[in-house]
Amino acid sequence: MASLLPQRIAAARRRLLLLPPPAPGPAAARRGSSALPAALVRRGGLVGGRWLEAPAAFPVVDPASGEELGRVADCGPAEARAAVRAAHEAGAAWGRLPAKERSGRLRRWYELMLENKDELARIITAENGKPLKEAQGEILYSASFLEWFAEEARRVYGDVIPASAKDRRILVLKQPVGVAAIITPWNFPSAMITRKVGAALAVGCTVVVKPAEDTPLSALALGELANQAGIPAGVYNVVPCSRQQAPAVGEVLCTDPLVAKISFTGSTATGKILLKHAAGTVKRVSMELGGHAPFIVFDSADVDRAVAGALASKYRNSGQTCVCTNRFLVQKGIHDKFVEKFAKAIERELHVGNGFDAKTTQGPLINEKAVEKVERHINDAVSQGASVVTGGKRHSLGKNFFEPTLLSNVTTKMLCTQEETFGPLAPVIKFETEAEAIDIANAANVGLAGYFYSQDPAQIWRVAEQLEVGMVAVNEGILSSVEGPFGGVKESGLGREGSKYGIDEYLEIKYVCFGGL
């Protein structure tokens, strides 16, 4: 069985990257701004189909080298309001288009993403730092949402309900909510946009996108391709802004009466602020917020499969995803064997480096603040008795690089088990009974994703039903897919994205009573 572990880890990595291993050429090794494709790099905001400058600009920095990639328009409240007006003015015509025509425009946008997938991936690696192979995987994943919702656009069905009166007919119509404000994070700078925008545009909504200040170039590149795909002016707008301008721009998007819908992916703390702003005008809201994912390995589990799944679940994007495992819970009878194999897999399979290097599996963290949080969690755990099995410190490559780390002898009193790390840290807690594992997993005030490994069918049903999360992966380390509904419970958010359910977030239900028949 042990001999199968490398193959299973390789298979998990291919699923993680969402594409077969590429054959990188010399260009893939280039770093910094030289890797950016001029044809897709835009520096201004996109408002009403036009590229607009702002009174000021802010720098976009390569997290691997610290090099400035360029400066982007620092849009403020005025630009945000202009974008909202442009979206509102474009909404009526876009919403009246036949669904088949909206579907065709989205399909063309999808095709252009595939035609430019390598260039889009280079932009992600440059501004986000993730390995180029992961960035290529994200682009395919991102494009798949445009494809999916292009198809779903033609499947928005109403209803006819039997009436109690013979001279009446009851009809149900589904109509677009209107202008949607889309606020997205830096960790998936392309996919988090298309997962929201694809659904919104499919049903006839228009959008204003506020990308993360760390990664605006991906959103702007998507805007260039949207223009090329024939998405009408004002349907897709982008207002990049600096960290300093973000609160004011966010407030405008959440309070402007022309905005009907807010969709946000980010931290729970920021989500609560946006909810308060949106409450004033009672906007429709969907939010994908923070996670604290448990990964439970029961005694009955296939250890090699569990190790392969753990590697994929924890270390994708250097641990910087909302569904990354944050707490490993391993049953007593299998604990030592799991920790030993997991440590060996980390040391053998993971390679820290610049994202443009072909062998890299672990790029930099997004900034030094993220590194400091990982260090704080490790120091706190070690001070309370945790042991560093592997890793544990900054990497010699630079200030934003950190060694993939595994901790054992971890308890629930440690900071790393109480809050989301968002970095390459895997703390392992030993447990004895199934009930104990469920109690630990459900103790968090958030519930986005959960993972567990077991070969006991009855246990699988029990645990899957009892975990207080929106998504459960059983004997699998990766669960994100275009077909599955993505979202959480508790303080991990509201609503669902992707799947056939994601489109409902952008629709209003209208009841029509047709009388006098």
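How many of the residues of α6 are buried? Select helix α6, residues 191-203, in this predicted model. The helix is mostly covered, with 13 of its 13 residues buried.

**Stop 1: helix α6 and its end**

Keep α6 selected and look along its length. The helix has 13 residues, and from its first C-alpha to its last it reaches 19 Å, close to the 18 Å expected at 1.5 Å a residue. Now centre the view on V197, where α6 has a kink of about 25 degrees. Next, move to G204, which follows α6 and has a positive phi, near 110 degrees.

**Stop 2: the loop before α6**

Select T184, which lies in the loop between β7 (179-183) and α6. Is T184 buried or exposed? With a relative accessible area of 4%, T184 is buried, because residues under 20% are counted in that way. Apart from neighbours up to four places away in sequence, T184 is in contact with M192, I193, K196, V209, K210, P211, A212 and T265. Displaying these side chains together shows the surroundings of T184.

**Stop 3: the largest nonpolar core**

Which residues have the most contacts inside the largest nonpolar core? Select W109, M113, V197, L201, V207, I231 and Y236, which have that role in a core of 65 residues. V197, the centre of the kink in α6, is thus one of the residues with the most contacts in this core.

Helix α5, residues 132-152, gives the core its largest share, namely ten residues. Select α5 on its own: it has 21 residues and reaches 30 Å from its first C-alpha to its last, close to the 30 Å expected at 1.5 Å a residue. This helix is mostly covered, as 17 of its 21 residues are buried. While α5 is on display, a general point about helices may help. An α-helix has 3.6 residues a turn, so residues three or four places apart point the same way.

Return to the core and select V207. Leaving out residues up to four places away in sequence, V207 touches A87, A180, I182, V197, A200, L201, V235, Y236 and N237. A second, separate core of 32 residues can be visited next; A310, F338, A449 and A473 are among its members.

**Stop 4: a residue in strand β15**

Select L406, which lies in strand β15. L406 counts as buried, at 0% relative accessibility. Which residues surround it? Beyond its neighbours within four places in sequence, L406 is in contact with Y315, V339, F342, A343, I346, S387, V388, V389, T390, A426 and V428. Draw a distance between the C-alpha atoms of L406 and S387: the two residues are 19 residues apart along the chain, and these atoms are separated by 8.5 Å.

**Stop 5: a buried asparagine**

Select N317, in the loop between α10 (303-315) and β13 (325-331). N317 is buried, with a relative accessible area of 2%. What does its side chain reach? The side chain of N317 reaches the backbone oxygen of N187 at 3.2 Å. N187 also appears in the list of residues that N317 touches, together with N128, K130 and E134, when residues up to four places away in sequence are not counted.

**Stop 6: two positive phi angles**

Most residues other than glycine have a negative phi, and most peptide bonds are trans. With this in mind, select N409, which is not a glycine and yet has a positive phi of about 55 degrees. N409 is found in the loop between β15 (405-408) and β16 (425-431), and it is partly exposed, with a relative accessible area of 46%.

Then select S499, which is also not a glycine and has a positive phi of about 65 degrees. S499 is found in the loop between β21 (493-494) and β22 (507-514). At 1% relative accessibility, S499 counts as buried.

**Stop 7: the cysteines**

How many disulfides does the model contain? The count is zero, because a disulfide requires two cysteine sulfur atoms within 2.5 Å. Select C205 and C254: the sulfur of C254 is the nearest cysteine sulfur to C205, at 16 Å, and C205 is in no disulfide. C205 counts as buried, at 0% relative accessibility.

Finally, select C324 and C322. C324 is in no disulfide, and the nearest cysteine sulfur, that of C322, is 8.3 Å away. C324 is buried, with a relative accessible area of 5%.

Terms used:
Residues are numbered from 1 along each chain as its sequence is written. This is a predicted model: local features need pLDDT of at least 70, side-chain atom pairs count only at pLDDT 80 or more; totals for chains, interfaces and linings use all residues. Side-chain values use heavy atoms; hydrogens and water are left out. Buried means under 20% relative accessible area, exposed over 50%, partly exposed in between (1.4 Å probe, protein chains only). A nonpolar core is a set of buried Ala, Val, Leu, Ile, Met, Phe, Trp, Tyr and Cys residues joined through side-chain atoms within 4.5 Å. Helices (H or I, at least four residues) and strands (E, at least two) are DSSP runs, numbered from the N terminus. Contact means heavy atoms within 4.5 Å. The expected span of a helix is 1.5 Å times one less than its number of residues. The bend at a residue is the angle between axes fitted to the seven residues ending there and the seven starting there. A polar contact is a pair of N or O atoms within 3.5 Å; within protein, one must be able to donate a hydrogen and the other to accept it, and residues adjacent in sequence count only if both atoms are side-chain atoms.
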